[in-house]
Amino acid sequence: MNGANLDDLVDLLGRWASGRGPLYLLLAARLRALIDDGVLPPDQPLPPDRVLAKRLAVGRGTVVAAYDLLHQEGRVVRRQGSGTRVAALDLPSTRTADGVVANPLLLHILHPPDGVQLLTCAAPHDMPVAMFEAYEEAGARLAGTRDLGYQPAGNPALRAALAAYYTGRGVPTTAEQIMVTTGAQQALTLLTGLLVAPGDTVLAETPTYPGALEVFRHAAAVIRPGTAEDLRERPAMAYFVPTARNPDGSIMDRPARRRLAALAAEHDVPLIDDEVCAELCFTGETPPPLASFRDGEHQISVGSLSKLVWGGLRVGWIRAAAPLVSRLARLRAVHDLGGEVFSQLAAVALLRRLDEVRAARVRTLRERHDHLCAELRAHLPSWSFEPALGGQTIWVRIPRGDVDSFAQVALRHGVAVPPGRSFDPLGGHADCMRLHFLFPEDELSRAVNNLATAWAFYGGAGRSVSRHPLVV
């Protein structure tokens, strides 16, 4: 990179060091934003460690640590003798038709590739009849209503319904302990913004939900993979998915739940219990939330209707101590003054029909899960996996090579798969992928046939790591 380009990069970095936390995390966060927004394009060379360190008046170790972190995330490639470059994107152009730069992590959602089966996004495509009937009921309730509609903590009727939902699951809850959000992703973003400062440690399982990892990274947090026992180190926050975990559909047993909740309380660690898929257990029974074992200010539950009903129904929630909910509502008011009321009223009607909606969804998911497993065993017997106990996805390991390179072969055969690195805070699980079973059985069969054809063409040779679309 010549002097002029170095000056350009320094200008783009702006006031990167003005935040709180270690300098390497602040530098990595700013570079990450420039890469994800397409400002630093694929294959763009970055300055050598010493050169950038001297220009920014920081130690060389700061730049090395920032580059290494971005390398773990797959955003840059570092090679001896050829320096550091922005990783190849292997996706369509990062610019939309109107010239606006699009975040490459979102391209499979913003601009789905033509003729490609997307196994990257795990949310139901088919909407239950109950959802349409719920919106009809919501319309009737709104008729004649005179209300400003700005409700940062959520519609009172939905907050009350969610409080009753948790109370019915053995966790006494008041409406003041509920905050409604625009999906669980916003819930995680708000919680992280309030509880995590740059440089703070967030404890997470591995593999885990990649959307959460992106939230933590953009908060410039240090993500530490670990187990309940690592709560003894007192991270700023912990994130676990004990029920129908994304990506492998596993379910934590009761003793482990009790231990996790007790350690969070003992060491005063805010513990997020992600229950987005909790109502999708194949037994038809919903395990108790972590708060049922040790409730208090450290216990936080996050839920959503996007997996149970439909991805486009953007209604999520947080169940937490009332003072925390009040702080979250004030933070949320700064951003959007509250969620859309019509969908919240529809959610009230859907919660009243929860048993009916859940039974139908679980029945369909289990049938499709069994079909996918059978197809994989028949057509890809060298791949290994454990059947899921719930949720929408299974975790698959390939016997050779890495999924980043195989995913490019699969894409050319009409299937987009999410590599396992997306689900690991340190970029591990390169030989794994997540497959969802949300498609109808004939589409699942076609997807497996295409994957089998791609596997026959795949040589297992490694290649440079590339960024990949955000998966949900």
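Is A57 buried or exposed? With a relative accessible area of 69%, A57 is exposed. Keep in mind that this is a predicted model.

**Backbone oddities**

Let's stay with A57 for a moment. This residue sits in the loop between helix 3 (49-56) and helix 4, and its phi is positive, about 60 degrees, although A57 is not a glycine. R234 has a positive phi too, near 55 degrees, and again the residue is something other than glycine. You'll find R234 in the loop between strand 7 (222-225) and strand 8 (237-240). For background, most residues other than glycine have a negative phi, and most peptide bonds are trans. Here are the two side by side:

| Residue | Phi | Relative accessible area |
|---|---|---|
| A57 | about 60 degrees | 69% |
| R234 | near 55 degrees | 53% |

R234 counts as exposed because its relative accessible area, 53%, is over the 50% cut-off.

There's also a cis peptide bond to look at: T206 is joined to P207 that way, with omega about 0 degrees. P207 belongs to the loop between strand 6 (201-204) and helix 9.

**A buried arginine**

Helix 9 (residues 210-218) is also where R217 is placed. At 7% relative accessibility, R217 falls under the 20% cut-off, so this arginine counts as buried. What does R217 touch, leaving aside neighbours within four places in sequence? Its contacts are R32, E73, R75, I223, D424 and P425.

**Helix 2 against helix 4**

R32 turns up again in the packing of helix 2 on helix 4, where L23, Y24, L25, L27, A28, L31 and R32 from helix 2 meet T62, V63, A65, A66, Y67, L69 and L70 from helix 4. By type, the residues of this contact are 12 nonpolar, one polar and one charged. Helix 2 covers residues 23-36 and helix 4 residues 60-72; their axes lie 8 Å apart, at an angle of about 50 degrees. That angle makes helix 2 oblique to helix 4. The crossing of the two helices is right-handed.

**Nonpolar cores**

Now for the largest nonpolar core, which has 95 residues; F216, L376, W383, L435 and L451 touch the most other members. Helix 12 (residues 341-352) is the biggest giver to this core, supplying eight residues. Take L451: beyond four places in sequence, L451 touches L119, L380, W383, F406, A410, V415, V417 and L435. Another core, of 27 residues, lies apart from the largest one, and its members include L9, L31, L52 and Y67. L31 and Y67 also appear in the contact of helix 2 with helix 4.

Technical notes. Residues numbered from 1 in each chain as written. Predicted model: local features only at pLDDT ≥ 70, side-chain atom pairs only at ≥ 80, totals over all residues. Heavy atoms only, no water. Axes fitted to C-alpha atoms, helices over the stretch in contact; angles between N-to-C directions. Parallel < 35°, antiparallel > 145°, perpendicular 65-115°, else oblique. Left-handed = near helix turned anticlockwise from the far one by under 90°. Contact = heavy atoms within 4.5 Å. Nonpolar A, V, L, I, M, F, W, Y, C, P; charged D, E, K, R; others polar. Core = buried A, V, L, I, M, F, W, Y, C linked by side-chain atoms within 4.5 Å. Buried < 20%, exposed > 50% of the residue type's maximum accessible area, 1.4 Å probe, protein only.
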